[in-house]
Amino acid sequence: MEGIKDKVAIVGMGCTKFGENWNMSAGDMIIDAVSEAYEDAGISSKDVQAAWIGSFWTNLPAPSMPLATILKMKYKPITRIENMCATASDAFRNAAYAVASGVIDVALVLGVEKLKDSGNSGLPTDDLAMGNVGTAPGTFRARNFTAPGHFAMLATSYFNKYGLSAEEGRTMLAKIMVKNHHNGTMSPKAHFRKEITVEQVLKAPVIAWPLGLLDCCGVSDGCAAAVLVRKDMAKNFRPDPVYIKAMQIAVGPCEGYMNPKHDWTSVKETYRAGQAAYEEAGIKNPRKEISMAEVHDCFSITEAAIYEDLQFSARGGCKEDVDAGTFELTGELPVNMDGGLKCFGHPIGATGLRMVYEVYKQIQGKAGPRQVKNAELGLTHNLGGTPGGCTVSVIIVGP
Amino acid sequence: MVGIKSFGVYLPYYRLNRADVGKFWSSYQTSGERTVANFDEDTLTMAVEACRDCLGGLDKDCVERFYLASTTFPYSEKQSSALVATALDLPKQVLTTDISGSLRSTSNAIMLALDSIRGKSARNVLIGASDMRLSLPNGSRELEFGDGAAALLLGDSDVIATIDHVFSMNEEIYDIYRPSGEKFVRFWEDRFVREMGYGKIVPSAVMEALKAFSLNPKDFSRALFYASNPGYTNGVVQKLGFDPKIQAADSLWGLTGNMGSAHGLALLAQALESAKVGDKILWVSYGDGCDVLAVSVKKGIEQAQQKQSFKRNLDVKAFTTYQKYLRWRDIIQTDPPKRPRMEQPSAVALYRDQKSGLALNGSKCKKCGTVQYPAQRICMECESKDNFEYYSFADKQGKIVTFSHDNLAVSADPPTTLAAVDFDGGGRIMLDVTDRDPDQIKVGTPVEMTFRRFREVEGIRVYWWKSRPIR
């Protein structure tokens, strides 16, 4: 297996403001994100040879047609991808593979999600999600299900395994959220941009014990897009392209739901996707070699488990590293420099590319007040599903 | 010898102080408590629980007929006994019948069962009785009713009690009744209900029955009478020559309320649980007539009494509130959460899923022995294909591996306690934890399985299983 390393370059990216975009349709967001990406790459729809659109819950009438109609992208191959919360990352992967194969020279990829037209607070929780955690799709013979409920179980088990009292464990998690909110204040495109305190996190209403309101990310609309080209063409588009070093997805067979060997203190899919990505990129010591990471902090405990599964921290070592400020913007390995899902919210099908957008800008030195020093290898981690069974994408990019 | 081989009972975990209802409405306050089925229970889930208790430790493949008695079946057209039989994983050849229309349905079912056994067309007949009746709020019946279920296994050998005599009398009367399609039980003016209904029919039936049995009140150690409230029974039993305190007190009135079709059987189960060999029990069942049965307790009773399921069901309980009761029964409409509308289950998917879903069978790999749920065609350990046998999780106990209390999950009684449960003997299932005090749930809490009701959309009621702390 050759791998993807240094075969494909990102030459343009765009991202809308994430949030409750009451005045924008999915199409409006697509036009804005794609226009920014086109401008960044110096191209137009005419130059694009194939496109991939990632979207999960958005009600787009026909899978691929809206993109052609909205962008007036005429008679090109367009494919819609969905892979739960890792949808945009998987769309990116498919587009990159097409470019790496040599069949396509210039590809457009975007992820979009319009959640706030639904009238619901929170995500749809019905069969799409429940089929996996019950007996069979369509039966609704399933435990009552919400995302915070499932991720809270990861916290319960983690606290139990490492002997943390609820207060100790919740404080450790609160510090991660405080960090992300601090970073988010410097992100003009974030949904939430205000500082919070550990005390506020601990005293927030309980959503799913032991997680409170401020342990959870919000529900937002958003869109992000990228233009991918062959490596040897990249410098024709811009002087500072960003190259794909690794791109891996691991899909778990729901062992957390069925197999007593799975102890709900880590997410195997994250570990496996990380391992595969490190191998593909030739990384031996992730904590030293990775400059920064955008990870899937849908809930505070998710980010804690990611530190360990991606080997940024030792097993059980999260608390020590959090207390040491390891993952802060000025720390040894900054994580969620833009504020993460915590501040951007989580438009399901868009998040993965929003993460790539941040590391792309950081590598180009364009991250403004949140710019990290020596931004070289950037990692994105995008998780779809629950700790018991999920799709995890790990992408590594660099100059 | 034809008689009772085993008995079972199910009382819901929740109780309601009757005084709370009076307080809520600023009206008169009655003493005692009544059972309240949880929001995830109904007539059929309670029937399954009582039948599981009854069949515990026995070979359920011996059951040849299953008669289910209730006045509150969820469907007018669709057989409840077939659904319950499937949840119990009884053989498909079992003759299933719903018997309904009166609180006497249960004794009717027993009489039909005895005929089947005596006529040699069946050796073992399972009887289930379950009811969850509703009366309009702020009325006396609401306080009098309780929810519950009971079960009997009748057979021709190894009996713990014989049924020696039966007598039946029918009567046409509008005393307590509920037209099809209506939710709440109606009743005529109380004096008529009492004087011309219970107070007239029961004494005349019992007198005729005793004459036919050639037995006297003093021959019985217990006489089990039930009515809407003890005010009805006291006068009647005295008139018939029974001691209302020693022989004929309805010991469940203050503890459970009147559990409809299941009440008489619950009284019988309670009496059997404390009976001595040689005791004779008179059992009187009322509703559009009166059935009278004479039961003699036999030697096998001591072993059956070891289960003490009645005492356990009575003792392990928690109190709910009247406000929750009103919500659980859809008596008041509450503001729905801003969440997606519940999707309709697929009848086709439910049909395919009955062995794994309704009967809670997982699979056990024949090659490596790994048990898993739901049943997997390809083993999660050794990946061998279509090489498994079904493995029942319904009778297994397990421990909570991890949990959360989820306030966001839409529920009539938040928070929803979610858990990963690892079973003794292997296997893990993701389950809700019901009938629990959230503060008592820990990593490692032992749980057992209980059959529960899930969503109902467009007339399709979904049933599956939950875990609960061992009762």
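## Two helices of chain B

In this predicted model, helix α4 (residues 105-118) of chain B packs against helix α8 (residues 261-274) of chain B at an angle of about 65°. The axes of α4(B) and α8(B) are 7 Å apart. Those two values belong together: two packed helices are described by the angle between their axes and the distance between the axes.

Which residues of α4(B) and α8(B) meet? From α4(B) come Ser105(B), Thr106(B) and Ser107(B), and from α8(B) come Ser261(B), Gly264(B) and Leu265(B). Sorted by class, this contact has 1 nonpolar residue, 5 polar residues and no charged residues.

## A small sheet in chain B

Now look at a sheet of 3 strands in chain B. The sheet is open, its order is β3-β2-β14, and its pairing is mixed. The edges are held by β3 (33-36) and β14 (318-319) of chain B; each has a single partner strand, so one side of each is left without a neighbour in the sheet.

Strand β2 (residues 14-17) of chain B runs parallel to β14(B), and 2 bridges join them. To find this pairing in the structure, start from Tyr14(B), whose bridge partner in β14(B) is Ala318(B). Helix α1 (residues 18-25) of chain B lies across β2 and β3 of chain B, and runs at about 50° to β2(B).

## The two domains of chain B

Chain B is divided into domain 1 (3-328) and domain 2 (356-469). Their C-alpha centres lie 31 Å apart. Where they touch, 18 residues of domain 1 of chain B are in contact with 15 residues of domain 2 of chain B.

Which elements each supply at least two residues to the domain 1 side of this contact in chain B? They are α2 (43-55), α3 (80-87) and α11 (322-328) of chain B. The largest share, 4 residues, comes from α2(B). By class, this side of domain 1 of chain B has 8 nonpolar, 3 polar and 7 charged residues.

The predictor is confident about this chain: the mean pLDDT of chain B is 95, and 100% of its residues reach 70 or more.

## A hairpin in chain B

Strands β21 (446-457) and β22 (460-469) of chain B both give two or more residues to the side of chain B that touches chain A. They also pair with each other, in the antiparallel sense, over 9 bridges. One pair to look for is Glu456(B), which stands opposite Arg461(B) in β22(B). The hairpin of β21(B) and β22(B) has 2 residues between the strands, and Glu458(B) takes a positive phi near 50° there.

## Chain A and its domains

Turning to the other chain, the secondary structure of chain A comes to 15 helices and 11 strands. The radius of gyration of chain A is 20 Å, close to the 21 Å that the globule rule gives for 399 residues, so chain A is as compact as a globular protein of that length. Along the principal axes, the C-alpha atoms of chain A fill a box of roughly 60 × 50 × 40 Å.

Chain A is divided into domain 1 (8-117 + 223-237) and domain 2 (146-216 + 242-398). Their centres, taken over C-alpha atoms, are separated by 24 Å. The contact takes 35 residues from domain 1 of chain A and 31 residues from domain 2 of chain A. On the domain 1 side of chain A, β1 (8-15), α3 (87-100), β4 (106-113) and β7 (222-230) each supply at least two residues, and α3(A) gives the most, with 7 residues.

## Where the chains meet

How many residues does each chain bring to the contact between chain A and chain B? Chain B brings 39 residues and chain A brings 38 residues. On the side of chain B, β18(B) gives the most, with 6 residues. This strand is also joined to chain A by 2 bridges: β5 (residues 206-209) of chain A and β18(B) run antiparallel. Here Trp209(A) stands opposite His405(B). For the complex, the predictor gives an ipTM of 0.94 and a pTM of 0.95.

The table sets out the classes of residues on two contact sides.

| Contact side | Nonpolar | Polar | Charged |
|---|---|---|---|
| Domain 1 of chain A, touching domain 2 of chain A | 21 residues | 8 residues | 6 residues |
| Chain B, touching chain A | 20 residues | 10 residues | 9 residues |

Definitions and conventions. Residues are numbered from 1 along each chain as its sequence is written. Chains are lettered from A and ligands numbered from 1 in the order in which they are written. This is a predicted model: local features need pLDDT of at least 70, side-chain atom pairs count only at pLDDT 80 or more; totals for chains, interfaces and linings use all residues. pLDDT is the predictor's confidence in each residue, from 0 to 100. Domain bounds come from an automatic or database domain assignment. Two residues are in contact if their C-beta atoms, placed from the backbone, lie within 7 Å. Ala, Val, Leu, Ile, Met, Phe, Trp, Tyr, Cys and Pro count as nonpolar, Asp, Glu, Lys and Arg as charged, and the others, Gly among them, as polar. Two strands pair if DSSP finds at least two bridges between them. Axes are lines fitted to C-alpha atoms, for helices over the stretch in contact, and angles run from 0 to 180 degrees between N-to-C directions. The radius of gyration is taken over C-alpha atoms; the globule rule is 2.2 Å times the number of residues to the power 0.38.
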